[in-house]
Amino acid sequence: MSLIDKIVSRKAVVGVIGCGYVGLPLAVEFAKKGFQVIAFDIDAPRVDQINKGDSYIPDVPSSELSEVTKSGHLIATTDFKKLKDVDTVSICVPTPLRKTRDPDISYIVKSLESIVANRKEGQLIVLESTTYPGTTREVMLPELEEKGKYKVGQDFYLAFSPERVDPGNQTHSIFNTPKVVGGITPTCTRAVSELYGTIVTKVVPVSSPESAEMVKLLENTFRSVNIGLVNELALMSHILNVNIWEVIEAAATKPFGFMPFFPGPGLGGHCIPIDPHYLSWKAKQSGFEARFIELAGVVNGAMPHHVLTRVNDALNEHSKCLKGSRILIVGVAYKKNVNDLRESPALDLMVLLEQKGVILEYTDPYISSFNLLGREFHSANIAPGTDLSRFDAAIVVTDHTNVDYLGLTQRLPVIVDTRNVFKGITNSKIFGL
Ligand SMILES: NC(=O)c1ccc[n+]([C@@H]2O[C@H](COP(=O)([O-])OP(=O)(O)OC[C@H]3O[C@@H](n4cnc5c(N)ncnc54)[C@H](O)[C@@H]3O)[C@@H](O)[C@H]2O)c1
């Protein structure tokens, strides 16, 4: 039976490598559609949790996960020899930056080594991890061809398909977000289109893996540059004494040619602060300087410093100084209603505040504890009635929806609001960006 026939008849065994924010929802989606799915991860406790039907990814309810594990459609394993049993492999491993801000594709390379060591002929390999244009063809293809022993489009199929998952988004899930795919050969594109066509409403084929790789980087660079622009306008508006939030809201009433982006305390999450650097790194290899990307990085990276200045101004108004003050950080996740701390601007801000001698505490309904500055922080209880009189100020860094912000204004002397949660409220205690 051909690979396409196996996919169409749901007889294909689907493999997913890396069971994080991207891989676990993907694996569950395939399992829900009736495929036998094997999910691979190097993290044994995660694998155990999956097999118990106990989800650690907020977008995957444990009820959904346990349904597909109980039915036997999804099993997780750390045994990469089982790659021999799968007809398709989607690679969803991390792609961070090195300390030098260069791409770190070592997780992709490790996955590739496992696939080559346990290869099954006729397999479709799809890279989903965000990476620079050329990774699929220049890094993966030669390894999989094994010096001409195997031919792409014939003995195996290879493609790139960027993951577009948006954690915490209640409207757009894998199912209703179009999936871009680009194979090395037309047969590869056909195979990957058939596979993802079983779980998404629309597949968007492009002419090459390079185009598909670049699509993801365009999307995230677009966000990074526009956020950089609006952050700069926020700094400008502060000096001009104009309310940037009001300006954006009014501009957004234009029904064409404008899309709102909002200022904030800095960029966070795995994608936007990191992905554009994959593109600028690759461009640099060809002698091209990606100036917009670099400038957005500088402007966005300076926002925690700007917040520090605003906190200093706010305390000053109350005849206090940063050194020795006790400050409550409200929200440490990188964006609202998620439990993800990766690259969160709250962490940069906390480091800056600590350097100024501030005594720090935080509260976040989604993150009960974390390590920073060599110690463990625990989320402070701010429930109505709890004593908050020890704090000199609070900084709203993440705009989670289930926080009683108005209640805080009655119990804290100074609040710096970096997210406009106090929209429309005039109160001498509240300071904006
Ligand atoms: N999180 C997002 O919102 C998002 C959105 C779009 C794209 N992406 C991209 O998707 C990729 C994965 O991101 P994520 O957020 O799911 O990461 P994650 O850190 O949540 O999950 C990665 C998983 O891969 C596992 N892993 C690491 N090395 C492995 C190996 N060699 N073999 C098997 N498993 C391994 C880890 O244990 C972890 O469970 C990244 O390239 C990221 O840029 C992420």
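Here are a few notes on the domain layout of this predicted model and on how domain 1 meets domain 2.

1. Ground rules: as this is a prediction, local features need pLDDT of at least 70 and side-chain atom pairs count only at pLDDT 80 or more, while totals for chains, interfaces and linings use all residues. Residues are numbered from 1 along each chain as its sequence is written, and side-chain values use heavy atoms, with hydrogens and water left out.

2. The protein chain splits into domain 1 (3-207), domain 2 (217-300) and domain 3 (302-431); these bounds come from an automatic or database domain assignment.

3. Between the C-alpha centres of domain 1 and domain 2 you'll find 30 Å. Their contact (heavy atoms within 4.5 Å) draws 14 residues from domain 1 and 11 residues from domain 2.

4. About 1200 Å² is buried between domain 1 and domain 2, with 61% of it on carbon and sulfur atoms. Buried area here is the accessible area (1.4 Å probe) that two parts lose on being put together, summed over both. On the domain 1 side, Leu97, Thr130 and Tyr132 supply 36% of the area buried against domain 2, more than any other three residues.

5. Now the charges: two salt bridges are counted between domain 1 and domain 2, where a salt bridge is a side-chain nitrogen of Lys or Arg within 4 Å of a carboxyl oxygen of Asp or Glu. Arg164 and Glu219 pair up in a salt bridge through their side chains, at 2.5 Å from N to O.

6. Finally, the record: an unreviewed UniProt entry annotates residues 328-424 as "domain: UDP-glucose/GDP-mannose dehydrogenase C-terminal"; such annotations may be inferred rather than shown by experiment.
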